[in-house]
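Trainee: Could you take a close look at one part of this protein with me? I would like to start with the cysteines.

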Amino acid sequence: MFVDEVEIYVQGGRGGDGCISFRREKYVPRGGPDGGDGGDGGSVILVADPSVENLAPIAHRKHWNAADGERGRGSNCHGANGEDLIIRVPVGTVVRDADRNFVLKDLTVPGEEIVVARGGKGGKGNTHFKSATVRAPRIATPGQEGESRRLKLELKIIADVGLVGKPNAGKSTLLSRLTRARPKIASYPFTTKYPNLGRVQIEWNRSFVMADIPGLIEGAHQGAGLGHEFLRHIQRAGILVHLVEPEPMDGSDPLRNYEVIREELRLFDPSLAERPEIVVLTKADLPQAAAIREALQQHLGREVLLVSAVTGQGLDQLVTRIVNLLESYPSAANLLLKR
């Protein structure tokens with residue numbers, strides 16, 4: 001199951017109460033106060049973990065509570081601090097305050113963390129309140145309540161390359177040929193129900209991450225089709241590889257299909273229209289592929305690559321073009337080639 005959006009409630013642990021106690025030992029008159037402090041409550045911490053692929057592991061649980069601190073004891077014994085609660089989330093998770101609707105943290109670096117609910121401070125024991133005039137204080141403070149808030153976690157997949165295009169344009173097939181990813185592949189539209197990630201290995205120490213985004217249709221930015229649920233994942237991609245099918249099953253015009261997807265990206269996020277893009281005509285083994293490629297090149301005024309994920313035609317050229325573009329626009333990629 002793929003989950004890229006979830007809402008949870010987090011609660012920091014309560015601090016332990018301070019203790020009222022007096023020293024009681026034989027031959028030690030007026031031993032004085034010896035009540036210890038309460039321990040601090042545990043905090044709730046989100047950590048970006050590369051081994052976590054999506055938010056499904058935490059979607060089943062809505063309330064996350066850190067441990068309370070222990071109360072203080074006599075003989076100046078302090079209570080133990082409550083254990084922090086660590087919630088591991090995928091790299092690329094945007095953490096929002098659900099009530100105030102502002103971003104607390106964008107966890108884009110492996111190991112990055114944020115304390116989303118601090119534990120309450122422990123109370124003070126009566127030892128703290130002794131003085132020259134108050135030698136036997138009978139007061140202690142209670143522990144403080146921990147912070148609490150509702151969080152909205154939103155995953156935006158981080159990839160160097162995002163594959164976009166109409167349904168059935170060949171995105172999943174291309175991903176399966178270039179990487180070890182095994183997305184579902186079928187001859188009908190909307191086969192891909194969620195983004196798939198794969199790593200394209202160039203050399204032993206050089207690679208890039210490619211993401212297959214579910215197919216987009218006209219009106220996707222307003223909620224049409226499946227792709228609207230995953231448009232935000234494209235925002236993380238360093239460059240876009242736009243796949244165009246030469247002979248769509250619905251009989252639509254390939255050139256118009258290209259313009260439709262470009263417009264949907266622009267309407268969703270204007271910055272996507274400025275993202276480096278490689279245009280690729282897929283299914284090169286089809287009879288009209290070469291002619292449609294020429295027409296698309298004339299329409300765009302730039303080169304269009306022709307590939308076939310089935311026969312392997314043009315795949316090496318596509319990988320080379322992607323590598324050159326990533327090296328030309330290093331600031332566009334979230335993950336660099338050398339890892």
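Is Cys77 buried, partly exposed or exposed?

Mentor: Happy to help. This is a predicted model, so local features need pLDDT of at least 70 and side-chain atom pairs count only at pLDDT 80 or more, while totals for chains, interfaces and linings use all residues. Residues are numbered from 1 along each chain as its sequence is written, and side-chain values use heavy atoms, with hydrogens and water left out.

Cys77 counts as partly exposed, at 33% relative accessibility. Here buried means under 20% relative accessible area, exposed means over 50%, and partly exposed lies in between (1.4 Å probe, protein chains only). Cys19, by contrast, is buried at 7%.

As for bonding, a search of the whole structure finds zero disulfides, a disulfide being a pair of cysteine sulfur atoms within 2.5 Å. Cys77 is therefore in no disulfide: the nearest cysteine sulfur, that of Cys19, is 9.1 Å away. Seen from the other side, Cys19 is in no disulfide either, and its nearest cysteine sulfur belongs to Cys77.

Next to Cys77 in the numbering is Asn76, and Asn76 is among the residues that Thr127 touches, along with Pro33, Asp34 and Gly35, not counting residues up to four places away in sequence. Contact here means heavy atoms within 4.5 Å. Thr127 itself sits in the loop between β7 (113–117) and β8 (148–155); strands are DSSP runs (E, at least two residues), numbered from the N terminus. A polar atom of the Thr127 side chain lies 3.0 Å from the backbone oxygen of Gly35.

Terms used:
Helices (H or I, at least four residues) and strands (E, at least two) are DSSP runs, numbered from the N terminus. A polar contact is a pair of N or O atoms within 3.5 Å; within protein, one must be able to donate a hydrogen and the other to accept it, and residues adjacent in sequence count only if both atoms are side-chain atoms.
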